[in-house]
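This report describes selected sites in one protein model with a ligand. Please read it with the sequence and the structure open.

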Amino acid sequence: MEKKIAVLSGDGIGPEVMIEAIKVLKKIEEKFGHSFQLTEANIGGAGIDNEGKALPEKTIEVCEEADAVLFGSVGGPKWENLPPNEQPERGALLPLRKHFNLYANLRPAKIFNGLQAASPLRADIVGDGFDFLVVRELTGGAYFGEKGSDETSAWDLMKYSVSEIERIVRVAFQSAKTRASATGKTAKVCSVDKANVLSSSVLWRKVTNEIHQSEFPEIELEHLYVDNAAMQLLTRPRDFDVIVTENLFGDILSDESAQISGSIGMLASASLSDGGFGLYEPSGGSAPDIQGMGIANPIAQILSLSLLLQHSFGLTDEAKAIENAIQSVLDDGLRTGDIMSDGMKKVGTVEMGDAICEKI
Ligand code: NAD
């Protein structure tokens, strides 16, 4: 396979962990016989310093020409005093999501074997770990609906169209199908809404049922009210496979899921538009406190690459090879500082990247 990838390393630890992800990509190319053309471009603080703005036009062009975007992270103290709309995160990431209509946000919540103790949940609840995916609608609902205020009140309209719901639940069902074919487990989708109170949720549930019946009848579907879902995640996280929900509920549930998974250095995310295009990034930020120290955990960036191969290029085996290599390195006892525990071997960013490459 031949594909083009835009590489936007950004600021802080972004460039350090991106080098490791690219090393892993080269290894995948070699082992599976693919050819990926990489084009680097400035973003965030690096965009401001080198080209005068957080999202330079040239960077948009590079992304437009690419089949997918591998993103590091942006921001840091150097740019914190700029006007809000010119700052790295607000000036780069949000316009990029809007420009490419990245309406589906995917956040895997997974505990790798050996890292169960990193979860704040009780050991009997975590068991041997959990592995589920939160699919959040990213461009609709109350965050994008009509807003207003007068002297005594303020409002944000939570509005969803049938087509907005259809496309996001399709992503969820499709993801469940892909995950099941990789693991051999039953494909399950849990749709989260508040259909006992909100009209938009009544429509959400109706459309979800219709798409389920007409296009994905073989996949198990359950519905949960959002307040119940927030509790169930804490008591039975191992029962979930794919969770799909609207923007506001997804914002909260995806952070809850990240928190119960343990270290931010292990969590990746994908933001997808139609036709397979997507932007893939670690869930954490640019970690300026550890920049340049060689101790950042590169696994979140490497898992972002694995998501890219799976969702934009359909390379499930290659994605699985990366995840297996990470598990194998963890089984060998290698740990970066953020996931370190007694009896393990502490390694830096480069050593962790090299070890993962070796396993592939
Ligand atoms: P952060 O995620 O950068 O850091 C929080 C803590 O987690 C820090 O102690 C950091 O050292 C640690 N951490 C994060 N990633 C790690 C990794 N891979 N390995 C080891 N430790 C890791 O969040 P913050 O401190 O709130 O934000 C720092 C900067 O990042 C800010 O400028 C913020 O605006 C920006 N930010 C960017 C993004 C993005 O690019 N998508 C997201 C969040 C924050």
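## Ser312 and its surroundings

Leaving aside residues up to four places away in sequence, Ser312 touches Asp67, Ala68, Gly276, Phe277, Gly278, Tyr280 and Leu307, where contact means heavy atoms within 4.5 Å. The model is a predicted one, in which local features need pLDDT of at least 70 and side-chain atom pairs count only at pLDDT 80 or more, while totals for chains, interfaces and linings use all residues. Residues are numbered from 1 along each chain as its sequence is written, and side-chain values use heavy atoms, with hydrogens and water left out.

Ser312 sits in the loop between helix H10 (299-311) and helix H11 (316-331). Helices (H or I, at least four residues) and strands (E, at least two) are DSSP runs, numbered from the N terminus. Is Ser312 buried or exposed? Ser312 has a relative accessible area of 14% and is therefore buried; buried means under 20%, exposed over 50% and partly exposed in between, with a 1.4 Å probe and protein chains only.

Two of the residues touched by Ser312 also appear in its polar contacts, listed in the table together with those of the ligand. A polar contact is a pair of N or O atoms within 3.5 Å; within protein, one must be able to donate a hydrogen and the other to accept it, and residues adjacent in sequence count only if both atoms are side-chain atoms.

| Atom or group | Partner | Distance |
|---|---|---|
| Ser312, polar side-chain atom | Gly276, backbone oxygen | 2.5 Å |
| Ser312, side chain | Tyr280, side chain | 2.6 Å |
| Ligand, oxygen atom | Gly285, backbone N or O atom | 2.7 Å |
| Ligand, oxygen atom | Asp289, side-chain N or O atom | 2.9 Å |
| Ligand, oxygen atom | Gly76, backbone N or O atom | 3.1 Å |

## The ligand

The protein buries 67% of the 810 Å² that the ligand exposes when taken alone; accessible areas come from the Shrake-Rupley method with a 1.4 Å probe, and for residues only the protein chains shown count as cover. There are 20 residues around the ligand, and Val74, Glu89, Gly285, Ala287 and Asn297 come nearest; a residue is near a molecule or strand if one of its heavy atoms lies within 4 Å of it. The shell holds eight nonpolar, eight polar and four charged residues. Here Ala, Val, Leu, Ile, Met, Phe, Trp, Tyr, Cys and Pro count as nonpolar, Asp, Glu, Lys and Arg as charged, and the others, Gly among them, as polar.

Ala287 belongs to the loop between strand S12 (278-282) and H10. Its phi is near 40 degrees, a positive value in a residue other than glycine. Ala287 counts as partly exposed because its relative accessibility is 22%.

## Strand S10

Strand S10 (residues 242-245) is covered on both faces, with Val242 and Val244 buried on one side and Ile243 and Thr245 buried on the other. S10 runs parallel to strand S5 (residues 131-137), joined by four bridges, and Arg136 stands opposite Thr245. Four bridges also pair S10 with strand S8 (residues 188-193), in the parallel sense, and there Ser191 is the bridge partner of Val244. Strands pair if DSSP finds at least two bridges between them.

## Two further loop residues

Asn101 lies in the loop between helix H4 (88-99) and strand S4 (104-110). Asn101 has a positive phi, near 50 degrees, and is partly exposed at 35% relative accessibility.

Met344 is in the loop between strand S13 (334-335) and strand S14 (345-346). Met344 is partly exposed, with a relative accessible area of 29%.
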